[in-house]
Amino acid sequence: MVQICSSRSFEPGEELYIANTESDGMFIVLTGTVAICSAGGLGLLEQQAVISIGESRLLTGAPRSATVLAKTKVTTLSLQKRRVEQLMKSDPQLSTLLYRNVMSMVRDKLVASNQRIAELLDNQQ
């Protein structure tokens with residue numbers, strides 16, 4: 001998998017992704033902090049490396065659901081959809097492993113979001 005990755009850096013304020021746009025890959029943030037914002041620009045959370053961004057889009061083709069900005073200098077590994085698809089077609093076991101790992105990442109993000117919502121609701125009472 002590493003052989004199909006490329007390195008990419010972003011300066012503070014630079015956009016990794018823009019909500020409601022097409023994109024052809026995902027990033028693994030190796031260093032730095034990113035801000036995740038709603039399509040309307042509302043800051044939702046900040047996340048520090050090491051995290052993945054765009055894994056759902058890589059597999060589903062759905063438009064980006066959030067805007068992601070570099071808060072600090074960010075270094076990433078970039079995976080392009082076309083190259084991942086080629087690798088998955090040539091290696092069914094890798095394809096299964098990739099889907100399993102992406103589902104695990106999505107699950108972890110969902111659990112973290114549920115915890116943040118619960119905390120916000122608790123703070124309102």
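**Note on the predicted model: two sheets, a core and a helix pair**

1. M88 is a good place to begin. Apart from neighbours within four places in sequence, M88 contacts L59, S95, L98 and Y99. The model is a predicted one. M88 itself lies in helix 2. Its relative accessibility is 13%, which is under 20%, so M88 counts as buried. One of its contacts, L98, sits 10 residues away along the chain, and the two C-alpha atoms are separated by 8.4 Å.

2. M88 also belongs to a helix-helix contact. Helix 2 covers residues 81-90 and helix 3 covers residues 92-124. Their axes are 5 Å apart and cross at an angle of about 125°. Helix 2 is therefore oblique to helix 3. On the helix 2 side, the residues that meet helix 3 are V84, L87, M88 and S90. On the helix 3 side they are P92, L94, S95, L98 and Y99.

3. How are the strands of the sheet with the order 1-8-3-6 paired? The pairing is antiparallel, and the sheet of 4 strands is open. Strand 1 and strand 6 are its edges, each pairing on one side only. On average, neighbouring strands here are turned by 30° against each other, direction ignored. Helix 2 packs on this sheet and touches strand 3 and strand 8. The direction of helix 2 makes about 50° with that of strand 8.

4. Strand 8 (residues 74-80) deserves a closer look. It pairs with strand 1 in the antiparallel sense, over 6 bridges. In that pairing, S9 stands opposite T75. Strand 8 also runs antiparallel to strand 3, and 6 bridges join the two. Two partner pairs can be followed on the model. M26 has L79 in strand 8 as its bridge partner. I28 has L77 in strand 8.

5. At one edge of this sheet, S52 is worth selecting. Its place is in strand 6, residues 51-53, and strand 6 is an edge strand. Buried or exposed: which is S52, at 7% relative accessibility? S52 counts as buried, because 7% is under the 20% limit. Not counting residues up to four places away in sequence, S52 touches M26, F27, I28, M105 and K109. M105 and K109 fall within helix 3, which spans residues 92-124.

6. A second open sheet also has 4 strands. Its order is 2-7-4-5, again with antiparallel pairing. The edge strands are strand 2 (15-17) and strand 5 (43-48), and each pairs on one side only. From one strand to the next, the twist averages 25°. Strand 4 (residues 33-37) is joined to strand 5 by 5 bridges, and the two run antiparallel. One partner pair there is I36 with L45 in strand 5.

7. Aromatic rings come next. A ring pair is described by two values, the distance of the centres and the angle of the planes. How many aromatic pairs does the count come to? The count comes to 2. F10 and F27 form an edge-to-face pair, 5.3 Å centre to centre with 85° between the planes. This pair links distant parts of the chain, 17 residues apart: F10 is in strand 1 (residues 5-10) and F27 in strand 3 (residues 25-31). F10 is buried, because its relative accessible area is 0%. F27 counts as buried too, because its relative accessibility is 4%.

8. The other pair is Y17 with F27, and its geometry is tilted: 5.2 Å centre to centre and 40° between the planes. It also links distant parts of the chain, with Y17 in strand 2 and F27 in strand 3, 10 residues apart. Y17 counts as buried, because its relative accessibility is 5%. Ring pairs thus link F10, Y17 and F27 into a cluster.

9. Last, the nonpolar core. The largest one has 25 residues. Which residues have the most contacts inside it? They are L16, V34, I53, V68 and V84. V34 is a useful one to display. Leaving aside neighbours within four places in sequence, V34 is in contact with L16, V29, L45, E46, Q47, I51, I53, V68, L69, A70, K71 and V74. L45, one of these contacts, is also the bridge partner of I36. V84, another residue on the core list, is among the helix 2 residues that meet helix 3.

Terms used. Residues are numbered from 1 along each chain as its sequence is written. This is a predicted model: local features need pLDDT of at least 70, side-chain atom pairs count only at pLDDT 80 or more; totals for chains, interfaces and linings use all residues. Side-chain values use heavy atoms; hydrogens and water are left out. Two strands pair if DSSP finds at least two bridges between them. Axes are lines fitted to C-alpha atoms, for helices over the stretch in contact, and angles run from 0 to 180 degrees between N-to-C directions. Rings of Phe, Tyr and Trp (its six-membered ring) pair if their centres lie within 6.5 Å; planes under 30 degrees apart count as stacked, over 60 as edge-to-face and the rest as tilted. Buried means under 20% relative accessible area, exposed over 50%, partly exposed in between (1.4 Å probe, protein chains only). A nonpolar core is a set of buried Ala, Val, Leu, Ile, Met, Phe, Trp, Tyr and Cys residues joined through side-chain atoms within 4.5 Å. Contact means heavy atoms within 4.5 Å. Angles under 35 degrees count as roughly parallel, over 145 as roughly antiparallel, 65 to 115 as roughly perpendicular and the rest as oblique.
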